[in-house]
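Subject: Structure handover and notes

Dear colleague,

I am passing on the structure we spoke about, so that you can look at it alongside these notes. Please read through them with the coordinates open, and let me know if anything is unclear.

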Amino acid sequence: MNSKKSIKALIMEIILFILSALLAVGVMTFFSACKHKTDTGMWMACHWAQMAVFGAACAMAAISLAMLFVKSGKARLGLAFSLIPVSIYTALIPNTLINLCMKTDMRCHTVMKPAVIVISLLIAAASAVYLVINKNEE
Amino acid sequence: MKSLAVKNLKGKPVRTAVLILLSALLTAAVFGASVIVSSLRTGLGSLENRLGADIMVVPYEATTQKKFENIVLQGATGYFYMDNKRAEQVMQTEGIKQASAQYFLASTSSSCCSVAVQIIGFDPETDFTITPWVKKSYGSQLKKYDVVVGNDLNAFVGDSIQFFGVECHVAAKLERTGTSFDTAAFTNTETIKELINTSVVKKMNSVGDVDPDNAVSCLMINVAEGYTPEQVVNDINLHVKKVKAIRSEELISGVSQSLDGVCEVIGIMIAAVWLLGLVILILAFTMSINERRKEFAVLRVIGASRAGLAGIVLKEACLSCLLGSVVGAGIGLLVIIPFNGFIEQLMGLPFLLPGAGELVKYILAALALSVISGALAAAVSALRVSRIDTGVILRGDN
């Protein structure tokens, strides 16, 4: 069942891994949610949305990393297919599944939410492209 | 010949990718900058529509606050109070047609946020600035503990919000304005007085001991016919102590000047990016055509007309630029639409995205500009290709 990977497939797998890793690292660093309350030190709801996105992004990074090493073409297609629902679920986390802060001019709304949605949807689109260009994989 | 242009593009994927990338960058820059300028202008228009009063009267010490203009003009967080007696003295001034008091308060922590929410209280019976705006979203009278929230507050009709431990009911959500009013809450005099009182009792009011029944934050005034705002402003500033009357136009002119400056810089940048893109495209096409002189000479020998050769070059340019501009417009949309809140924060100016129809117009204009630029850049090369001397080129003399 082992099949030789095409250059296009390899490029798409690398893109998927980069996007997933960017989401995992970015959501904890440069597009993280709001900081904790200065007076009480309590975390706001958006922090838990950030942690949920981090978990899902780590799972996607692991799946896309596995795609680079798995030899079976069908297994790679299965892994690529699994990225689509996971990435859509990730895009829905900020403010749809987990509420963010009250003011939409806060960092969680202006930076974290759009970045998570855009990167998640790019992962979903890239996975769909991967499925289309490798549909005849054995 | 049409398929030949497509085959040429497919046959040299790296060259095609570079052309597409160049065109995408050009389109993304032009489209993004145009939408930002348009959003700033729409934001300023929205702010002007929201003004409604000729004059604003505030306590004198308020004018020393850092964000004073933003507090009264755009609903930024902050508050100050003046004695009711001063407000009554102001109302005695000749030439006042309408006057209504407003009350400001910033919550220290509302339900979930560490960032304050500005609460603006107004008297529905005398108000002429907020009521017309609120009426678009809420036709009934506000009851005690009812609040109307700005469009960017993550609260919806029927929700409850707590300010200083007082539970308020969200009666309506307002239209977007592109200013800090979008993150403010509006309520009637009765509720705001209760909230100010609670903030004082809980020692959460930075002003200290304020008697909400004897204090107002700001007076909004419309001037009667036969008087000019300047006359009334001078009269108030001369005769009423510890207050400052300001013409609304004067306040907005600062925002307007900043906006003009920003728009000018962005305009210059668009022109510079477009010129640079055009020069790079001309160079790219010239270099590419120079490399392919023999290919065109062979085509000429096997019967392609001069116009046909020029057509191939132009079609290749238009196709690659069209593809690139579609990619560029997509990138522009992916950045501008989701990150508009972040751009608004970076600009620090009223920012309101244009509607879908307007956005489509900007996309089409950017696509047209990119394709025309590509065609212009390739035109020189197309002309040279149509004049090639096949004999000289195939002999290898040049």
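Across all chains of this model, the count comes to 11 salt bridges, and since that is where I began, please keep in mind that the model is a predicted one.

In chain A, the side chains of Arg76(A) and Glu13(A) meet in a salt bridge, with 3.6 Å from N to O. This pair links distant parts of the chain, as Arg76(A) belongs to helix α3 (residues 73–92) of chain A and Glu13(A) to helix α1 (residues 7–28) of chain A, with the two residues 63 apart. Arg76(A) and Glu13(A) are both buried.

The chain around that pair has four helices and zero strands, and when it is read along the sequence it follows the pattern α-α-α-α. The C-alpha trace of chain A spans about 60 × 20 × 20 Å along its principal axes, and of the 138 residues of chain A, 46% count as buried. If one takes the contacts in chain A between residues at least 6 apart in sequence, 75% of them join residues at least 24 apart.

Chain B also has a salt bridge between distant parts of the chain, this time joining Arg15(B) and Glu316(B), whose closest N and O atoms are 3.7 Å apart. Here Arg15(B) lies in helix α2 of chain B and Glu316(B) in helix α10 (residues 306–336) of chain B, 301 residues apart, and both Arg15(B) and Glu316(B) are buried. These two residues are linked with Arg292(B) and Glu295(B) in a network of salt bridges. A further salt bridge in chain B joins Arg247(B) to Glu249(B), with 3.6 Å between the closest N and O atoms; Glu249(B) counts as exposed because its relative accessibility is 59%, over the cut-off of 50%.

Next, the domains. Chain B is divided into domain 1, made up of 2–46 + 255–395, and domain 2, which covers 50–248, and the centres of these two domains, taken over C-alpha atoms, are separated by 49 Å. Nine residues of domain 1 of chain B are in contact with seven residues of domain 2 of chain B, and between them the two domains bury about 600 Å², of which 40% is on carbon and sulfur atoms.

What does the rule find across this interface in the way of salt bridges? Between domain 1 and domain 2 of chain B there is one salt bridge. Arg176(B) and Glu344(B) form a salt bridge in which the closest N and O atoms are 3.1 Å apart. On the side of domain 1 of chain B that touches domain 2, the elements giving two or more residues are α2 (13–51) and α11 (340–347) of chain B, and by class that side has five nonpolar, three polar and one charged residues.

Finally, you may wish to look at Thr129(B), which lies in the loop between β4 (118–122) and α5 (131–135) of chain B. Is this residue, Thr129(B), buried or exposed? Thr129(B) counts as buried because its relative accessibility is 6%, which is under the cut-off of 20%. Its side chain makes a polar contact of 3.1 Å with the side chain of Gln102(B), and a polar contact of 3.2 Å joins the side chains of Thr129(B) and Asp127(B).

With best regards

Notes:
Residues are numbered from 1 along each chain as its sequence is written. Chains are lettered from A and ligands numbered from 1 in the order in which they are written. This is a predicted model: local features need pLDDT of at least 70, side-chain atom pairs count only at pLDDT 80 or more; totals for chains, interfaces and linings use all residues. Side-chain values use heavy atoms; hydrogens and water are left out. Domain bounds come from an automatic or database domain assignment. Contact means heavy atoms within 4.5 Å. Buried area is the accessible area (1.4 Å probe) that two parts lose on being put together, summed over both. A salt bridge is a side-chain nitrogen of Lys or Arg within 4 Å of a carboxyl oxygen of Asp or Glu. Ala, Val, Leu, Ile, Met, Phe, Trp, Tyr, Cys and Pro count as nonpolar, Asp, Glu, Lys and Arg as charged, and the others, Gly among them, as polar. Buried means under 20% relative accessible area, exposed over 50%, partly exposed in between (1.4 Å probe, protein chains only). A polar contact is a pair of N or O atoms within 3.5 Å; within protein, one must be able to donate a hydrogen and the other to accept it, and residues adjacent in sequence count only if both atoms are side-chain atoms.
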